[in-house]
Amino acid sequence: MASTAVGMLFAIGFYAAALILVLGLVWKIARYIITPAPLKIPVTPAPVTWAGVPVRLGQEILFFASLFKSNKWIWIFAVLFHAALLLVVLRHLRYFIEPVWFWVALAQPFGIYAGFAMVLGLLGLWGRRFLVDRVKYISSPSDHLMLALLVMIGLSGLLMKFVSRTDIIQVKTFFLGLLKLDIQALPTDPLLLAHLTLVLILLIVFPFSKLLHAPGIVFMPSRYQVDNAREKRHIVRWVAKMMKQMDADDTAAKQAADQA
Amino acid sequence: MAKDKLEAPAYREFPSPPPLREGAMSHMHTFIAKPAHQEDLDWPGELEDGWEQRAVDKLGDLLKKNKALRVYLDSCVKCGACTDKCHYYIGTQDPKNMPVARQDLLRSVYRRYFTISGKLVPGLVGARDMTKDVLDEWYNYYHQCTECRRCSVFCPYGIDTAEITMAARDIMNHIGLGQKYSNEIIGKVHKIGNNLGLPGPALVDTMEGLEEDVLDETGVDVKFPVDVHGADVLLVTPSADFFAEPPVDGLIGYGKVFHQAGISWTVSSYASEAANFALFAGSTEQMHKIARRIRKVAQEFGVKRIIFGECGHAWRVAYSFLNTLAGPFDFLDPKYPVPQHILEFTYDLINRGALKLDPSANDDKVVTFHDSCNVARASRMGTRPGGQFNIPREVIKAAVNNYVDMNPETIHEKTFCCGGGGGLLTDDLMELRVKGALPRMEALQEVVDSHGVTHIAAICAICKTQFAKVLPYYDFGMDMIISAHQLVGDAIQLGEKE
């Protein structure tokens, strides 16, 4: 059973959410880019040339290198969740493209079981918020809600795949239509609508929440800066201006004192 | 006296993170700067009506000026990786000394005034109004951070609590709530030229005294020059080196190295301080003001190179910021990096065979080395990453026969702060300093037990002073702490140059 009205409702929802997501991220990332880093603050040992920076960041992004040094439990759950999420997202690409690309088709079986790994990783991370007194102390309601949201997205997806299937052909028709501004009917199974609603919420809160760690990781001066302070003078506009002003003020004050 | 009341925490069953003790350090309150100290630095003398808004405005100003602050405040996911990494958390068990909790004291205010979620649903995202209670927490706990960056090494994103602490202190200074210890010292540097307030004539006296001591002891006339125009090297060293024990023995070591190398050098009475305490206050303005003294003297004296003495945060400011704050140094000899570390200088001489060291002079010692936090994680020595770890060790090993490293989890970039850095080396924070030294003392105990270590060498005036003070609380002798260059100085064969 599919409904055009429901299709219309979710189409509006997805257009709005996509707009908020994109504008929100552009706004945030633009500010990360334009805000200057006044001093050289790479955490050392750091690369001494630019060539080393992608290596350093790559290790962090792909392997969570620092987290591995830090805490093996968090690392296991975090890698499990993020790697699984990647596979799940890749798998979902099939609903947005026709014909389905070769490698997306290849990712299908992995993506399906990654759904379980994703939920497992999330539950591990969530469990720490109750079981480890230090992590419990630093958790605010939003930290729990974020995990709840992701777990429910995962669970509703898995239920649709393994328990109560929806009309996936029609879902794909809806999303292909969405991309061509041609709004189609959407099946009205409660699980599907719950799944999609939760995803809408995720897209909307992304730019206003700690999910900003995703773009943030490449804007960390402690990690992306090159360790070459002695070789190359690092100077940003406001610091140069401030120093010039201070030096001028002092010279003027000294002259006034000399004359007096 | 204080020792009767204050006891060091017991060693842990290494390395388990200790359980939380909420409020364990909420009484810790470093002395507040007097209005006079504040006004010397062009900051309000005390809190005045409307400080709440001014604090929020200053935070907004810093967010525009400092990318790190903005990204760090947004990106933390509260994963908990940093929670057991801070020496103050380990030593005090106060949850607000966990790096993420310390950040959250400021992050909660950032969220309230600068994020949509914090404006709409403050309770949900842990956003808080800028109130007196919040400010009091800031004052207490941002003065329980030594800006040592250990948490940043372990953060999956590299969020550096030091940057947040500096921002919070900068904001507090700008609303009239400064720390007495740091701000009084910054004022002294502006007026007199060094942290100790040691005027030029007293400095000359002290250095002459050192010349006599060395002459008596070795029979060699080693010079300790002050304000010599035309010297090759301007030595900028922490003022503690001029007479505090044990740093002064390090200074004697530098003097012997220069003597043996036959390179002329001088200290300056105008820029007689390497440590730039404005770093602790998070003030780029004040940092510049202190740093440019060095440039001025270097130009006036016509030196060829600038060398810094053993000092941790000082080396951070020198290595990472001096070029920014007082550069460009194109008037110096381009053959040498600006600035150079005394250990780079000595290391180079050893490699070239220009120094003759007899390590058997130190055969009564088994030595280990404490990596200073800001040297390890905020600077470098030599040309390769990690030179800040190898070069001091190579120099020490050239000067002693018995060297052993502490637990690898507590050295190099994972080193623990001594517990006294970041503007906390003051008697009114003694309890914090003793407790914060716990993880370093545990690691030291291990090598004392396993290898009979007798001395711990350091390359920072703050580490040296802090250890001299806290070692006895852990039943070690205070003279266990030694300058790297004291070892060098004791091993140098003076006058036997080929």
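In what order do the 4 strands of the open sheet in chain B run? The legends below take that up first, and then move outwards through this predicted model.

**View 1. The parallel sheet of chain B.**
Here's the answer: the strands line up as 2-1-3-4, with parallel pairing, and the sheet is open. Strand 2 (265-266) and strand 4 (340-341) of chain B sit at the edges, each pairing on one side only. Going across the sheet, strand 1 (residues 233-236) of chain B is paired with strand 2 of chain B through 2 bridges, in the parallel sense. If you want a residue to click on there, B:V233 has B:W265 in strand 2 of chain B as its bridge partner. Strand 1 of chain B also runs parallel to strand 3 of chain B, and 4 bridges join them. One place to look for that pairing is B:L234, whose bridge partner in strand 3 of chain B is B:I306.

**View 2. Strand 3 of chain B, up close.**
Which way do the residues of strand 3 (residues 305-308) of chain B point? B:R305 and B:I307 go one way, while B:I306 and B:F308 go the other way. Both pairs are buried, the arginine included. Strand 3 of chain B also pairs with strand 4 of chain B, again in the parallel sense, over 2 bridges. B:F308 is part of that link: its bridge partner in strand 4 of chain B is B:H341.

**View 3. A buried glycine in helix 14 of chain B.**
B:G250 lies in helix 14 (residues 247-261) of chain B. Why does B:G250 count as buried? It has 31 C-beta neighbours inside 10 Å, and the cut-off for buried is 20 or more. Once neighbours within four places in sequence are set aside, the contacts of B:G250 are B:D241, B:E310, B:S483, B:A484, B:H485 and B:Q486. For a sense of scale, try B:C148: it is 102 residues from B:G250 along the chain, and their C-alpha atoms are separated by 23 Å.

**View 4. Where the two domains of chain B meet.**
Chain B splits into domain 1 (11-185) and domain 2 (192-404 + 453-491). Their centres, taken over C-alpha atoms, are 31 Å apart. Domain 1 of chain B puts 15 residues into the contact, and domain 2 of chain B puts in 11 residues. On the domain 1 side, helix 10 (150-154), helix 11 (161-174) and helix 12 (180-191) of chain B each supply at least two residues. Helix 11 of chain B has the largest share of that side, with 5 residues. By residue type, the domain 1 side is a mix of 6 nonpolar, 4 polar and 5 charged.

**View 5. Helix 4 of chain B at the chain A contact.**
How many residues does each chain bring to the contact between chain A and chain B? Chain B brings 61 residues and chain A brings 59 residues. On the chain B side, helix 4 (residues 67-75) of chain B gives the most, with 6 residues. That side as a whole divides into 28 nonpolar, 18 polar and 15 charged residues.

Now zoom in on helix 4 of chain B itself, where 9 of its 9 residues are buried. The buried set has charged members among them, including B:K67, B:R70 and B:D74. What do these buried residues pack against? From chain A, there are helix 1 (4-34), helix 10 (213-216) and helix 11 (221-224). From chain B, there are helix 3 (51-65), helix 6 (99-114) and helix 11.

**View 6. Chain A, spread out.**
Chain A carries 12 helices and 2 strands. Its radius of gyration is 25 Å, well over the 18 Å that the globule rule gives for 260 residues, so chain A is more spread out than a compact globule. Its C-alpha atoms fill a box of roughly 90 × 40 × 40 Å along the principal axes. Of the 260 residues of chain A, 30% count as buried. Take the contacts in chain A between residues at least 6 apart in sequence, and 74% of them join residues at least 24 apart.

**View 7. Confidence.**
For the whole model, the scores are ipTM 0.94 and pTM 0.95. Chain B averages a pLDDT of 95, and 98% of its residues score at least 70.

How values were computed. Residues numbered from 1 in each chain as written. Chains lettered and ligands numbered in written order. Predicted model: local features only at pLDDT ≥ 70, side-chain atom pairs only at ≥ 80, totals over all residues. Rg over C-alpha atoms; globule rule 2.2 N^0.38 Å. Buried ≥ 20, exposed ≤ 12 C-beta atoms within 10 Å, placed from the backbone. Contact = placed C-beta atoms within 7 Å. Pairing = 2+ DSSP bridges. pLDDT = per-residue confidence, 0-100. Domains from an automatic or database assignment.
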